[in-house]
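Colleague: I would like a close look at one part of this model. Please take the unit built from two strands and the helix that joins them, then place that part in the whole chain.

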Amino acid sequence: MTYSADIWAEAIGRQPSFSWHLNRNVKILALSGSLRAASINSALLRVTRDLAPAAIEVCLFTRLGDLPLYNPDLENAPPAVAQRLREEVASADAMLIASPEYAHGVSGTIKNALDWLVAFEGFADKPVAILNATPRARHADAALRETLITMSATLIEAASITLSLPSANISEAELLAMPEIVSLLTDVLAKIQRTVKRLPDMKPFLGSSLYIDSQHPAIVAQAAKLAEGCADEEAIAKRCFEFVRDEIKHSWDYRLTPVTCKASEVLIHGTGYCYAKSHLLAALLRANAIPAGLCYQRLTLDGNQPPYCLHGLNAVYLVQYGWYRVDARGNKPGVAADFCPPLEKLAFSIVNPLEQDLPDIHAEPLTAVIKALTEHQTVEQVYEHLPDVEETSE
């Protein structure tokens with residue numbers, strides 16, 4: 001999918017086109033995977049409900065213990081409590097799940113609830129965030145993520161956090177008296193709300209895919225590290241940009257192999273052509289729930305004559321400015337790209353009449369780019385076969 005517009009003029013300063021979604025409350029359905037009366041997971045969800053501002057409604061579904069074991073024979077005529085769960089899921093804008101770990105797995109309570117939702121159309125693409133009450137519960141956290149992704153949920157990575165609590169026996173009043181916990185849960189609510197409002201228009205630019213694999217564990221971890229301590233989205237976007245620009249080496253500048261394409265490959269190997277670096281930046285931004293796309297310029301390789309090739313960069317959606325282009329290819333003598341919205345400071349200016357800014361924002365890489373990065377084994381081979389398209393509609 002591409003977003004076509006005069007993004008370099010009209011889009012700068014444009015406010016979000018989510019008016020219908022901005023004028024209604026966001027409903028979050030909360031599910032606890034524990035049936036214990038003193039469950040820390042249930043307590044966290046109740047505290048999150050109490051912290052919710054007026055524009056966010058957090059509803060706890062408290063009848064998971066009444067659900068019978070899932071029986072496929074009852075799929076078309078589910079028992080009343082299962083039907084009620086489905087109705088609550090369908091009416092919710094997003095879900096928030098907190099579940100303990102039992103024997104290195106998710107609790108039977110939450111797995112049974114999800115089983116009743118596997119074939120339910122109202123769950124498909126539902127935005128879901130996960131609260132993990134203890135760092136030790138990494139097996140259940142990973143398993144729950146895998147199940148949700150398999151069920152086609154839209155996992156909100158930026159709002160899925162692990163909390164470090166001093167004890168599992170903490171009351172709600174004690175949780176509310178802990179400023180760090182209050183701040184983290186308030187931030188979770190804000191990120192869920194932001195994702196819900198953006199999804200109808202921005203879903204293609206928030207999702208994970210084969211080459212922009214924003215749900216890869218390495219990407220998720222690095223995105224969270226870059227977002228730590230940032231006051232707002234603009235600060236997160238700037239930090240992600242500077243990380244890719246400065247810490248990931250441009251493959252041709254440094255003559256580095258292997259040739260990378262997937263965002264996770266670029267991060268793991270620390271190198272990539274401009275196209276691959278743009279895949280990584282898009283993935284880091286999307287993992288932080290910031291819409292990001294891919295842009296291209298058509299430039300000469302040397303001087304003002306053919307041959308030409310594509311140059312890859314990014315567009316990031318910032319609420320205050322709209323779509324904003326950034327170029328994280330890596331600075332060097334004569335190249336000084338920066339992040340300074342609303343002004344653009346890209347690596348290359350269009351100086352030749354036959355060069356051009358290609359006007360589309362792409363959710364996925366161009367086919368020509370993927371071909372160049374996956375069909376050649378060395379940086380020299382890629383350089384000899386740099387992608388070039390003259391049709392902007394590819």
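Modeller: What follows starts with that unit, moves to some single residues and the cysteines, and ends with the chain as a whole. Keep in mind that this is a predicted model.

Start with the three elements. Strand β2 covers residues 26–32. Helix α2 covers residues 40–51. Strand β3 covers residues 56–60. Together, β2, α2 and β3 form a β-α-β unit, and its hand is right-handed. The two strands pair with each other in the parallel sense. Five bridges make up that pairing. One residue pair can be named here: Ala30 has Leu60 of β3 as its bridge partner.

Now the helix of the unit. Ser42 sits in α2. Its relative accessibility is 9%, under the 20% cut-off, so Ser42 counts as buried. Which residues does Ser42 touch, leaving aside those up to four places away in sequence? They are Ser32 and Ser34. Ser32 is also within the residue range of β2, which runs over 26–32. That contact therefore links helix α2 to strand β2 within the unit.

Two other sites serve as a contrast to Ser42. Take Leu184, which lies in helix α7, residues 179–202. Leu184 has a relative accessible area of 31%, so this residue is partly exposed. Setting aside residues up to four places away in sequence, Leu184 touches Ile161 and Leu163. Thr162 is 22 residues from Leu184 in sequence. In space, the C-alpha atoms of Leu184 and Thr162 are 9.8 Å apart.

Next is Glu375. This residue belongs to the loop between α13 (367–374) and α14 (379–384). Glu375 is partly exposed, because its relative accessibility is 48% and exposed would need over 50%. Glu375 and His385 are ten residues apart in sequence. Their C-alpha atoms are separated by 9.7 Å.

The cysteines come next. How many disulfides does the count give? Zero. Cys340 is in no disulfide, and its nearest cysteine sulfur, that of Cys295, is 16 Å away. Cys340 is partly exposed, with a relative accessible area of 28%. Why does Cys240 form no bond with Cys230? The closest cysteine sulfur to that of Cys240 is in Cys230, 7.6 Å away, and a disulfide needs the two within 2.5 Å, so the gap is too far for a bond. Cys240 is buried, at 0% relative accessible area.

Finally, the whole chain. The secondary structure of the protein chain comes to 14 helices and 18 strands. The C-alpha trace spans about 75 × 40 × 40 Å along its principal axes. The radius of gyration is 23 Å. A compact globule of 394 residues would be near 21 Å, so the two agree.

Burial and contacts fill in the picture. Of the 394 residues, 53% count as buried. Among contacts with a separation of 6 or more, 73% join residues 24 or more positions apart. The chain exposes about 17,300 Å². Carbon and sulfur atoms supply 51% of that area.

Back to the part you asked about. The unit of β2, α2 and β3 is right-handed, its strands are parallel, and Ser42 is buried in its helix.

Notes
Residues numbered from 1 in each chain as written. Predicted model: local features only at pLDDT ≥ 70, side-chain atom pairs only at ≥ 80, totals over all residues. Heavy atoms only, no water. Pairing = 2+ DSSP bridges. Helix = DSSP H or I, 4+ residues; strand = E, 2+ residues; numbered from the N terminus. Right-handed = clockwise from strand over helix to strand, strands pointing away. Rg over C-alpha atoms; globule rule 2.2 N^0.38 Å. Buried < 20%, exposed > 50% of the residue type's maximum accessible area, 1.4 Å probe, protein only. Contact = heavy atoms within 4.5 Å. Areas by Shrake-Rupley, 256 points an atom, 1.4 Å probe, with all protein chains shown as cover.
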